[in-house]
Amino acid sequence: MMQRPPFRPEEYSLKETSPHLGGAAAGDKLTTTYDLVEQMQYLYVRVVKAKELPNKDITGSCDPYVEVKLGNYKGTTRHFEKKNNPEWNQVFAFSKERIQSSVVEIVVKDKDLVKDDFIGRVVFDLNEVPKRVPPDSPLAPQWYRLEDRNGHKGKGELMLAVWMGTQADEAFPEAWHSDAASVPGDGLASIRSKVYLTPKLWYLRVNVIEAQDLIPNDKTRFPEVYVKAMLGNQALRTRVSASRTLNPMWNEDLMFVAAEPFEEHLILSVEDRVAPGKDEVVGRTIISLQHVPRRLDHKLLNSQWYNLEKHVMVDGEQKKETKFSSRIHLRICLEGGYHVLDESTHYSSDLRPTAKPLWKPSIGILELGILTAQGLLPMKTKDGRGTTDAYCVAKYGQKWVRTRTIIDSFTPKWNEQYTWEVYDPCTVITIGVFDNCHLNGGEKANGARDTRIGKVRIRLSTLETDRVYTHSYPLIVLTPAGVKKMGEVQLAVRFTCSSLLNMMHLYSQPLLPKMHYVHPLSVMQVDNLRRQATNIVSTRLSRAEPPLRKEIVEYMLDVDSHMWSMRKSKANFFRIMGVLSPLIAVARWFDQICHWRNPLTTILIHILFMILVLYPELILPTIFLYLFLIGVWYYRWRPRQPPHMDTRLSHAETAHPDELDEEFDTFPTSRPPDIVRMRYDRLRSVAGRIQTVVGDLATQGERLQSLLSWRDPRATALFVTFCFIAAIVLYVTPFRVVVFLAGLYVLRHPRFRHKMPSVPLNFFRRLPARTDSML
């Protein structure tokens, strides 16, 4: 078995960085754009069009294209067949860091089978190229006369614009980049930066009420009918109607997820279960979602009758039967008052309802600068050596962003900045780093999947407003071999609040829209709908250009977060223990007080107790003052860094290899029977302990119930008698005296204690529970 490397906490820790954001000195114009990233200088060449190009071929035609050369880098435009006045409108960007020449040469050539013919060129000295920084207007292209190799004026003209700019330039996203010169033309689309929008998702509620005048195929029996509803690849069905008649009733809700634009139709079929495993269609109706009403609240909409169509087979083809009077009663609506959950509820980035009229105003702006990555590991092999082609994806709300892919670099520099509107501070932005495996174009990828390098989550409520956080986040992934650090990604984050009052007010509001509480969905419904929503989102985004592939979307949305894991179970158990540990510590401290381990402290507690008994109105103010002082005291040690992935909290570094192998197993399992049997036995042993604990809790609860149930007549008689005497004593005795005497009894000296259990505890343990009735 492979030896696991020693655990080093500092390797997985967050590191504060000091990048040169803005890229210029204070007061310089360059600081006004892209202020959360380091400025990167580029030479831009825009090739617009040419005119009056001479014919070079034997056939007397010209097939022109343009070649932009800068040192060892060379970019080419597409070529045109037999065109003397071509128009390209392409932009080329050359990183200033890699420029090894003092001139840029733009050459017009004629495409030929044997050797391309030289038509003419334009040469620029880089020292004379103008600088341009947005929001300056784009540089206007100009006509330049082509020159021959000796610098003499030739035939034809070329319209160009050449300037020095930064990554903030509008031409940057669509430009050909010199560092991607090795990527073929059909792979260029997959390396460009892009912004995506999640399709607008709706919950579709189908209330199946009843059907009338059904005509079953077999009229000699009472039909057992149910309704099956399909929307795209989602299929749901009602229960079999309890009224086995030709006018069955259900009054059952079916919930689907629908995405705009509504491409699929809702198909409802009434089916009769004629035998086990055999169903026959009694009638069917197809409903377009374009005409379905939308509601914003819980008010009932009008129901509607829909005619059912009978389909019969004629010569192997389905045909509609015209004379058919069956119909179905439905209430269908698109729910605009819910938020369609497509993310894990723990990492939600958006909590707004679907309907835009219900949105509240934004409370601020989130700005993210994706700077660089350091120490990335080789993700694949190319030409016998390891290489990584990294890009980042960030997701917040309905907006996804994808940076450009940096080719063959373990220290990629993106320096791209993005902005989102914030509607709720209790949300999370997710940033993932991936290796691009589609540089050769979609057709040549052969089903390759982009590899995950790591992921970062930042909760906005943990950030101070208007502060720029610049940190290097560890990229940690869990593999079957254990936890592994894949590198670090450097980010700059700023959360700017536009209205502090509105943001504070949000902390008193429900997290989800009103409909989630007025008409809540069941846990099973939420889980199924979330799975359908993530499937729709991943399918739609994978159809974009360049596609945001299914594996990327599912990783960002934590699709598999609900799967069983022994490691996560342990981590959650210790999280609960971490929450309960202060209470346990207080209980131990109080036990020490009661046993007079420190007599001075116990005497002080007695004095405090007597003051609170004499002046009970001081109890609540004292508690709140104490909490206030604790909060003020802890302010000195408040976290100054955003939270990050914690391998120790996740029990990632201590997980057993077999537990990790089980976590990465497919569902259903693909492991051999003996391993599955061993894991099943292990799960049974763990479940047995949980079963025992749950049984003990049930026993204590049933003992409480048996105090008054007369299950044990003598115990109940004793308890009822005690309650009667206690009621009389408490009526005639002042409450302060009772509390005072009870407190003195609890805090009594060890001399007056004995190790045997107390009388009330003995009495409680003797009470009966329903364990005797368990099989």
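## A tour of the predicted model

Start with residues 142-147, strand E8, and residues 153-166, strand E9: the two pair in the antiparallel sense over five bridges. The model on screen is a predicted one. Select Arg 145 and look across to E9, where Glu 157 stands opposite. E8 and E9 make a hairpin, with five residues between the strands. Gly 151 sits in the turn and has a positive phi of about 90 degrees.

**The open sheet**

Next, colour the five strands that form an open sheet, in the order E1-E31-E32-E23-E28, with antiparallel pairing. Its edges are E1 (15-16) and E28 (413-422), each of which pairs on one side only. Now keep E28 and add E23 (residues 364-374); the two run antiparallel and are joined by eight bridges. Select Glu 367 to find Thr 419 of E28 opposite.

Just before E28, stop at Asp 408, in the loop between strand E27 (399-402) and E28. Asp 408 is not a glycine, yet has a positive phi of about 50 degrees. Is Asp 408 buried or exposed? Neither: its relative accessibility is 33%, so Asp 408 counts as partly exposed.

**Cores and a buried leucine**

Show Trp 400 and Leu 491, which have the most contacts inside the largest nonpolar core, a group of 64 residues. Another core lies apart from it and has 33 residues, including Val 66, Val 104, Val 108 and Ile 191.

Move to strand E22 (residues 327-335) and pick Leu 334. Leu 334 has 0% relative accessibility and therefore counts as buried. Add Phe 256: this residue is 78 residues from Leu 334 in sequence, while their C-alpha atoms are 9.5 Å apart in space.

**Rings and charges**

There are 15 aromatic pairs in the structure. For one of them, select Phe 573 and Phe 574, an edge-to-face pair with 5.4 Å centre to centre and 80 degrees between the planes. Both rings belong to partly exposed residues: the relative accessible area is 47% for Phe 573 and 46% for Phe 574. Then select Tyr 42, Tyr 44, Trp 163 and Phe 172 together, as they form one aromatic cluster.

Two further rings have a charged residue over the face. Lys 111 lies over Tyr 65, at 5.7 Å from the ring centre. Arg 149 lies over Phe 118, at 4.1 Å from the ring centre.

**Cavities**

How many cavities of 30 Å³ or more does a search of the whole structure find? The count is four. The largest has a volume of about 190 Å³. To find this cavity, select Leu 201, His 339, Val 340, Asp 350 and Gln 398, the closest to its centre of the 17 residues that line it.

**Cis peptide bonds and a last stop**

Go to the loop between strand E15 (249-259) and strand E16 (265-275), which holds Pro 261. The bond joining Glu 260 and Pro 261 is a cis peptide bond, with omega about -10 degrees. Another cis peptide bond joins Phe 667 and Pro 668, with omega about 0 degrees. Pro 668 is in the loop between helix H8 (657-663) and helix H9 (673-706).

Follow H9 to its other loop, the one leading to helix H10 (713-732), and select Trp 710 there. Trp 710 has a positive phi of about 60 degrees, although this residue is not a glycine. Its relative accessible area of 48% makes Trp 710 partly exposed.

Technical notes
Residues numbered from 1 in each chain as written. Predicted model: local features only at pLDDT ≥ 70, side-chain atom pairs only at ≥ 80, totals over all residues. Heavy atoms only, no water. Pairing = 2+ DSSP bridges. Helix = DSSP H or I, 4+ residues; strand = E, 2+ residues; numbered from the N terminus. Core = buried A, V, L, I, M, F, W, Y, C linked by side-chain atoms within 4.5 Å. Buried < 20%, exposed > 50% of the residue type's maximum accessible area, 1.4 Å probe, protein only. Phe/Tyr/Trp six-rings, centres within 6.5 Å; stacked < 30°, edge-to-face > 60°. Lys NZ or Arg CZ within 6 Å of the ring centre and 35° of its normal. 1 Å grid on protein atoms, 1.4 Å probe; cavity = no way out; pocket = protein on both sides within 12 Å on 5 of 7 lines; lining within 4 Å. Points joined across faces, edges and corners; volume = space filled by probe spheres on them.
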